[in-house]
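Here is a short tour to follow in your viewer, one selection at a time. Keep the sequence panel open alongside the 3D view.

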Amino acid sequence: MKLKRILAIETSCDETSAAVIENGTELLSNVVASQIKSHQRFGGVVPEVASRHHVEQMTLIMEAALEEAGTSYEELDAIAVTEGPGLVGALLIGVNAAKAVAYAHKLPLIPVNHIIGHIYANQLVQPLCFPLLSLVVSGGHTELVYMKQAGQYEVIGETRDDAAGEAYDKVGRVLGVPYPGGKHIDEMAHQGKDTFHFPRAMMQDDTNDFSFSGLKSSFINTVHNAQQKGEVLDKNDLAASFQAAVVEVLVKKTIRCAKERNAKQIVLAGGVAANKGLRQALKVAVSEELEETELIIPPLSLCGDNAAMIGAAAFTESIDSDQLDLTLNAKPGLAL
């Protein structure tokens, strides 16, 4: 079945989102209801709270996406939904909403991997060229994904402990900035200097994997030692030093892998793709070391969790006209 117009749903964590995508590349609408304010007082996402917000918002968000796109259920060709990875309760809200709509309107149902969605957000910027290398950086994931062609995914590097975004949030709590910490640390970093020179883990190793647990511990120990001695450290310099360590490791490993795999494109994906320091460092490195490789960085609106990326990825899935799997379930630990 040749698809043209898809309604996509995303509820993997703390954003309720619905979008209408046409031909896999045209964004007709992308509505996102964020829950950040609800979770800030807890310092992180509370799964039960997230699920309840999804229940409250899901129907309204779908209707808003259709209205913004100027379309109706009768004009859709399929429903796409995130099946995982993510919080199981949150995923179930989106999956069951998608199954209900697909059943009611006799539409095919397309399950989409959340990580693949982040990668295909870049398809809404410009066409993807293969082979490509994707650097996926978010609160729960830090991975280098090699794609020899569309629909083929090989994880060639991943974090062995904390994800980059997770480390940002933990460091943010030590610095006393609101959740999520990434945005605030990025802003502070541009006001400070790398004076602490925190460790760059696994930089010289042959592996493509990452590790941010040691960096996090080094940061926390530095702050605690200073507090015990009654010393006052510059928070902007702390933020700049932490970010410099994260960005250097991410960029250098990405460039090395792109060279080894002769990637035609490098695409940045995930919530941490919104980080200004990372975006700039990757641009400079690619321009200096990979003149023949194209770099795609999604706009800020497509970095965080959103349904547009799920809709874009759905067009890569092969389905037949009668596909409506009502046994579809949430898969919180889904891997590539």
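## Stop one: the cap and helix α8

Select Asp234, which caps the N-terminal end of α8: one of its side-chain oxygens sits 2.8 Å from the backbone nitrogen of Asn236. Please bear in mind as you go that this is a predicted model.

Now extend the selection to α8 itself, residues 235-261. The helix has 27 residues, and the distance from its first C-alpha to its last is 39 Å, close to the 39 Å expected at 1.5 Å a residue. Just beyond α8, click on Asn262, where phi is positive, at about 50°.

## Stop two: the largest nonpolar core

Which residues have the most contacts inside the largest nonpolar core? Select Leu175 and Phe242: they hold that place in a core of 45 residues. Two or more core residues come from each of β6 (132-137), β7 (142-147), α5 (164-175), α6 (181-189), α7 (213-228), α8, β9 (265-269) and α9 (276-289). Helix α8 is the biggest contributor, giving 12 residues. As a rule, nonpolar side chains in soluble globular proteins tend to be buried together.

Centre the view on Phe242 and show what surrounds it. Setting aside residues up to four places away in sequence, Phe242 touches Ala167, Tyr168, Val171, Ile185, Phe198, Leu215 and Phe219. Apart from this core lies another, of 31 residues, and Ala78, Ala80, Ile110 and Ile296 are among them.

## Stop three: helix α5

Move to α5, whose 12 residues reach 16 Å from first C-alpha to last, close to the 16 Å expected at 1.5 Å a residue. Colour its buried residues: Ala164, Gly165, Ala167, Tyr168, Asp169, Val171, Gly172 and Leu175. An α-helix has 3.6 residues a turn, so residues three or four places apart point the same way. The cover over the buried residues of α5 includes β6, β7, α6, α7 and α8. Just after α5, look at Gly176, which has a positive phi of about 80°.

## Stop four: strand β7 and its partners

Next, select β7. Six of its six residues are buried, so the strand is largely enclosed by the rest of the structure. Turn on side chains: Thr142, Leu144 and Tyr146 point one way, Glu143, Val145 and Met147 point the other way, and all are buried.

Add β6 to the selection. β6 and β7 pair in the antiparallel sense over six bridges, and a hairpin of four residues joins β6 to β7. To find the register, look for Ser134 opposite Val145 in β7.

Then add β8 (residues 154-158), which runs antiparallel to β7 and is joined to it by four bridges. Here Val145 stands opposite Val155 in β8. The hairpin between β7 and β8 has six residues between the strands, and Gly151 in the turn shows a positive phi of about 85°.

## Stop five: strand β4

Jump back along the chain to β4 (residues 78-84). Is this strand enclosed or open? Seven of its seven residues are buried, so β4 is largely enclosed by the rest of the structure. Strand β1 (residues 5-10) pairs with β4 in the parallel sense over four bridges, and you can find Ala8 opposite Ala80 in β4. Strand β5 (residues 109-113) also runs parallel to β4, with five bridges joining them; there, Thr82 stands opposite Val112 in β5.

## Stop six: Lys276

Where does Lys276 lie? It lies in helix α9 and is exposed, with a relative accessible area of 55%. Leaving aside neighbours within four places in sequence, Lys276 is in contact with Asp186 and His190. For a distance check, pick the C-alpha atoms of Lys276 and Val174: they are 21 Å apart in space and 102 residues apart in sequence.

## Last stop: the cysteines

How many disulfides does the structure hold? The count is zero. Select Cys129 and Cys257 to see why: the sulfur of Cys129 is 20 Å from the closest cysteine sulfur, in Cys257, too far for a bond. A disulfide would need the two sulfur atoms within 2.5 Å. The surroundings of the two cysteines can be compared as well: Cys129 is partly exposed, with a relative accessible area of 33%, whereas Cys257 is buried, at 1%.

Note on methods:
Residues are numbered from 1 along each chain as its sequence is written. This is a predicted model: local features need pLDDT of at least 70, side-chain atom pairs count only at pLDDT 80 or more; totals for chains, interfaces and linings use all residues. Side-chain values use heavy atoms; hydrogens and water are left out. The expected span of a helix is 1.5 Å times one less than its number of residues. A polar contact is a pair of N or O atoms within 3.5 Å; within protein, one must be able to donate a hydrogen and the other to accept it, and residues adjacent in sequence count only if both atoms are side-chain atoms. Buried means under 20% relative accessible area, exposed over 50%, partly exposed in between (1.4 Å probe, protein chains only). A nonpolar core is a set of buried Ala, Val, Leu, Ile, Met, Phe, Trp, Tyr and Cys residues joined through side-chain atoms within 4.5 Å. Contact means heavy atoms within 4.5 Å. Two strands pair if DSSP finds at least two bridges between them.
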